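Good morning, and thank you for the time. I should like to take the group through one model, moving along the chain and pausing at a few residues.

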Amino acid sequence: MGRYAVVFGILLTAAGLIGGFTAMFQDADALAVNLLMLVPLGFAALLTGVVTTQFSRPSDE
């Protein structure tokens, strides 16, 4: 589950950055704002995935 959240977070962040800045340079401001809002959501998903994978690792005992 954590690995999927990491991949989903990376993809969401990348899509938001690439799409948002592309829309911004094409003067589509409303679309740029909506796409750039995906970046914090992607970062939150990425952080959740990293924390999940770290807490669910098997112990070395």
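Immediately after helix 1, D27 adopts a positive phi of about 60°. In general, most residues other than glycine have a negative phi. D27 is not a glycine, yet its phi is positive and near 60°. The residue sits in the loop that joins helix 1 (2-25) to helix 2 (29-36). Helices here are DSSP runs of H or I with at least four residues, numbered from the N terminus. D27 counts as exposed because its relative accessibility is 66%; the cut-offs are under 20% relative accessible area for buried, over 50% for exposed, and partly exposed in between, with a 1.4 Å probe and protein chains only.

Before I continue, a word on the basis of these values. This is a predicted model, in which local features need pLDDT of at least 70 and side-chain atom pairs count only at pLDDT 80 or more, while totals for chains, interfaces and linings use all residues. Residues are numbered from 1 along each chain as its sequence is written, and side-chain values use heavy atoms, with hydrogens and water left out.

Let me turn to helix 1 itself. How far apart are its end C-alpha atoms? They are 34 Å apart, which agrees with the 34 Å that 24 residues should span at 1.5 Å a residue; the expected span is 1.5 Å times one less than the number of residues. The buried residues of helix 1 are G2, V6, G9, L12, T13, G16, G20 and A23. Their cover includes helix 2 and helix 3 (38-55).

Two of these buried residues deserve a closer look. G16, in helix 1, is buried because its relative accessible area is 0%. Leaving out residues up to four places away in sequence, G16 touches F21, L35, L36, L38 and V39, where contact means heavy atoms within 4.5 Å. G16 and L38 are 22 residues apart in sequence, and their C-alpha atoms are 5.1 Å apart.

T13, also placed in helix 1, is buried because its relative accessible area is 18%. Beyond its neighbours within four places in sequence, T13 is in contact with V39, G42 and F43. A polar atom of the T13 side chain lies 3.4 Å from the backbone nitrogen of F43.

From T13 we can cross to L36, since the C-alpha atoms of these two residues, 23 apart in sequence, are separated by 8.6 Å. L36 belongs to helix 2 and counts as partly exposed because its relative accessibility is 26%. Apart from residues up to four places away in sequence, L36 touches G16, L17, G20, F21 and M24.

Which residues form the nonpolar patch on the surface? They are L17, I18, F21, M24 and F25, with about 510 Å² of accessible area together. Patch members have over 30% relative accessible area and no salt bridge, and nonpolar side chains (Val, Leu, Ile, Met, Phe, Trp, Tyr) are joined within 5 Å. A salt bridge is a side-chain nitrogen of Lys or Arg within 4 Å of a carboxyl oxygen of Asp or Glu. M24, one of the patch residues, is located in helix 1 and is partly exposed because its relative accessible area is 33%.

Finally, R57 is found in the segment after helix 3. R57 is exposed because its relative accessible area is 55%. The C-alpha atoms of R57 and A28 are 44 Å apart, with their positions 29 residues apart along the chain. Thank you.

Notes:
Helices (H or I, at least four residues) and strands (E, at least two) are DSSP runs, numbered from the N terminus. Patches are made of residues with over 30% relative accessible area and no salt bridge: like charges are joined within 9 Å, nonpolar side chains (Val, Leu, Ile, Met, Phe, Trp, Tyr) within 5 Å. Accessible areas come from the Shrake-Rupley method with a 1.4 Å probe; for residues, only the protein chains shown count as cover. A polar contact is a pair of N or O atoms within 3.5 Å; within protein, one must be able to donate a hydrogen and the other to accept it, and residues adjacent in sequence count only if both atoms are side-chain atoms.
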